[in-house]
Amino acid sequence: MKLDIHKLLHLKTRSEKNEARRLRPEYKSIDTRSMTLVIKEGGLSATQLEKLQKVMKAISMILIYAFLLVMAIIVLVPFYWMIITSLKTNTEIRASQQTFWPEIVMWSNYVDVFDRFDFATYLTNTLIVGVISTLGTLVTTIFAAFAFARLQFKGKATFFALLLATMMIPGEMMVITNYITVSNFGWLSNQLGVFTAMIVPFWVSVFYIYLLRQNFLQIPNELYLASKVDGKTDWSYLWNVMVPLSMPTLISIFILKLMGAWNSYVWPNLVADKQEYRLITNGLRSSFSTTAGEPEYGLQMAATVLVTVPLLLLFIFFRKYIMKGVGRAGIKG
Amino acid sequence: MEKKNNWKAWLYLAPVVILTGIFIFYPLVNTIGIAFLKNYRYLTGTSEGFTLDNFGYVLGIVPRVYQGIELYYTDVIKFAVPNTLIIVFVTVPLSITISLLIAVSLNSIKWFKKIFQTIFFIPYVTNAIAVGMVFAVIFDGFGLWNFLFGLVMPTYWVDMGADPSKAMFALCVYIIWHSLPYKILIFLSGLQNIDKQYYDAAKVDSASRFKTFTSITVPLLSPQIFYIMITSFIGAFKEYSSVMGLLGKSGTAPGNNNMYTVVFYIYDSIDNGNVHLGAAAAVLLFLVILSFTGIQFWISKKRVHY
C-alpha cells in the first residue's frame, strides 16, 4: 500500500490547496515562504519553553543551595554553641534570654578548666596509648597483609575467611572475657599494666588487614619477580617496595587508629580505675559529672573544646586520607 | 610456579594468630560458655553448674530467688528493648533519608561542592562523648533548643527527671546528627559511580527531577542504601556512648534506668560481678546482630541488583 504522506500529516495536496485558494481568495495574499514553524507544547512556544526550563533549573539550583546551606548550619550549630558557651559566664549560660555572642568574653574559663580537668595528664596518657597501639597495629597489619597477599600457604583461605567473619561479632561479646583475662594477667594493678591492657588487645585490626591486603594485591607481580631475580628476600621486598608503595593506605590507618584512641571510652573506662590512668574521653566525662547543684557549663565546654580541637586539626591536615580510609569501608558492602 | 612457604607465612601471621587467639577467638567461646553457668564468679572461677536461667533472668522471664522472695529483673525488657526499638525505627529511616537528600544535592552542584562536602563530614571526626555533652547543653532547661522554639524555661529534656520520651527525642536528634557524615560519604561515592548515561537518557525523555531520583538514583544506589541500613541497625542495637555523652548515666534522674540499653547492662554486669548475666545479654545481642547480618547476605545476593 502506498503511504500517502499528505494524509498522514494532515497536509493539503497541491490540487487541494489550489481549490482552497479558489474558494477563499483572501488567502492568496498570504506568503507562506516567510513563515516559521512553531511547535507548541502546553500552550508555550519552543523559545518560551527553553526560557521556562532555564528558569526552573535556576530555581531548583537555588532550592538545592538553600537546602544545603540550612543543613550545613544545622551541622555546624553544635560547634558554634560549644565555642561561645565556653566563653560565657555561668549566669549568662543559664539565663532565659539566650545570647548568640558572649556579653563578657570569659577567657578565664580556659585557665580555670585546668584545675578541674587534668588535661596534661590525660593528653600524655592518650598519646602514649594511642601511638604505641597504632604502631603495633601497623606492624601486625603489614605482616599479615603481606602473608595474605604475597605468600602461598596451607590454610590461607580458611584463616582469612575466619578473620573476616570476626568483623561481624560485636565487641561486647569479647569485652567480658577480655576483662577477666587482663585482670588474671595482673594488668589492672599498676599504671604499666593498665596501659598494657589498653594497648595490647587492640594491636590487631581485621579491617585494616583487609584494607592493606587489597592494596598489596594491586602491586604488579612483575615487581616481585624482578626483585627475586635481583636476589632480594621477601623481607626486603616487603619493606623496600610494598610498604613505600602503600604509604597512603598506611597513613590512613595511622590517622584513623590514632583518632580511635582519642575517642575510645568504654574499654579504658573499665580498666583504668584510677584517675591518673584515664584517657582523655574518660577524663572529660568524669571531671564534671560529680558536681552538686548548678552545672558549670562554661568550664565543661572549655574542656570539650580542648578535646575537639586536636581532632579538627588532624582532619584539616589529613582530610584526604581520613575520607578515603573511611569511604573504603562502603565499597565492600 | 611459586612454591608454598608454610612456616614462613605463619611466622608473618604469628602476631595476628596469637592476639586474635587470646582477645577474639578465646573470648568468643568463653563468653558463650559463661552465659550458661549458674552464679559464675570470675575472681575465683567457680560456678554452680549448667543453667539456661541466665537468659530468662535478663529478659525478665525467670525470677531470682533472694531470701525466699522471687525477684524479677525488668530493666532490660522494660527499658532497653523499647529504647533500642525506638532508636532503630526513628533514627535509621530519618538519617538515611536526610543523608540521601544531602548526597544527591551535593552531587548535583558545581560551586562550593568541596566546602560543603567538608562541612558535612566534620561531625564524623568528633568525639561522641564530647559532642554528647554539647547536646546536653543545647537541651538544657535553659538551653538553645528551648530558646529557639520558644518553650517555657526551664523545660527539661535530658536531666532533672525529664520524661524519658523527651530524653529519647534529644537522643535521636543527636544520633541522627552524628550519623549523617558517614552515610553521606558512602552515598556520595556510590552516586559518583553511577553511569552518566542513565541521566542523559532521562533528560532525553524529559523526566522530572523527582522521577529521575526515584527511578534511577535510588535503584542504582540500592547496594549502598542496603549496606547503610544494616550497619545502622547493628549500630542502633549497640548504642551506648551516645547515651553516656548526652546523659552521663543510664537515666534522666540518678538511680533511674529509663534510658538503658543492652550494652549498658553488659558493662554494668562487669561492675557488679554478675558477668554470667552480662554474658547471656551479650549472646542475645550477638544473635540479633548475626541474624541481621545473615539477612544482609541473603538479600544482597537475591534482591539488590538492577
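Chain A of this predicted model is built from 16 helices and 0 strands. Of its 333 residues, 33% count as buried. Contacts across long stretches of sequence are well represented here: among the contacts in chain A with a separation of 6 or more, 70% join residues 24 or more positions apart. The domain assignment of chain A gives domain 1, covering residues 46-93, and domain 2, covering residues 117-287. Taken over C-alpha atoms, the centres of these two domains of chain A are 40 Å apart.

Two places in chain A illustrate opposite surroundings. The helix α15(A) has 7 of its 8 residues buried, so it is largely enclosed by the rest of the structure. The buried residues of α15(A) are Ile280(A), Thr281(A), Asn282(A), Gly283(A), Leu284(A), Arg285(A) and Ser287(A). Val70(A), by contrast, sits in helix α3 of chain A. Val70(A) has 10 other C-beta atoms within 10 Å, and because a residue with 12 or fewer such neighbours counts as exposed, it falls in that class. Some 49 residues along the chain from Val70(A) is Arg21(A), and the C-alpha atoms of the pair are separated by 65 Å.

Turning to chain B, the fold comprises 13 helices and 2 strands. Along the principal axes, the C-alpha atoms of chain B fill a box of roughly 80 × 80 × 30 Å. Buried residues make up 42% of the 306 residues of chain B. For contacts in chain B with a separation of 6 or more, residues 24 or more positions apart account for 65%. Chain B is divided into domain 1 (6-71) and domain 2 (75-272), and the C-alpha centres of these domains of chain B lie 33 Å apart.

The packing of the interior can be followed through the largest nonpolar core, which has 153 residues. Within this core, Ala170(B) and Ala281(B) touch the most other members. Helix α7 of chain B, residues 164-192, supplies the largest share of the core, with 15 residues. Leaving aside residues up to four places away in sequence, Ala170(B) touches Phe135(B), Phe139(B), Trp157(B), Val158(B) and Leu246(B).

Two loop residues of chain B deserve a look for their backbone geometry. Asn39(B) lies in the loop between α1 (6-35) and α2 (53-58) of chain B, and has a positive phi of about 45° although it is not a glycine. With 15 other C-beta atoms within 10 Å, Asn39(B) is partly exposed. Phe112(B), in the loop between α3 (75-108) and α4 (113-121) of chain B, likewise has a positive phi, near 60°, in a residue other than glycine. Phe112(B) has 14 C-beta neighbours inside 10 Å and counts as partly exposed.

Finally, the two chains meet at an interface in which 70 residues of chain A are in contact with 78 residues of chain B. On the side of chain A that touches chain B, at least two residues each come from α3 (46-86), α6 (119-150), α7 (156-166), α8 (172-184), α13 (247-263), α14 (266-271), α15 (280-287) and α16 (297-331) of chain A. The helix giving the most to this side is α16(A), with 15 residues. By residue class, the side of chain A that touches chain B divides into 46 nonpolar, 19 polar and 5 charged residues.

How values were computed. Residues are numbered from 1 along each chain as its sequence is written. Chains are lettered from A and ligands numbered from 1 in the order in which they are written. This is a predicted model: local features need pLDDT of at least 70, side-chain atom pairs count only at pLDDT 80 or more; totals for chains, interfaces and linings use all residues. Two residues are in contact if their C-beta atoms, placed from the backbone, lie within 7 Å. Helices (H or I, at least four residues) and strands (E, at least two) are DSSP runs, numbered from the N terminus. Ala, Val, Leu, Ile, Met, Phe, Trp, Tyr, Cys and Pro count as nonpolar, Asp, Glu, Lys and Arg as charged, and the others, Gly among them, as polar. A residue is buried if 20 or more other C-beta atoms lie within 10 Å of its own, exposed if 12 or fewer, and partly exposed in between; C-beta atoms are placed from the backbone. Domain bounds come from an automatic or database domain assignment. A nonpolar core is a set of buried Ala, Val, Leu, Ile, Met, Phe, Trp, Tyr and Cys residues joined through C-beta atoms within 7 Å.
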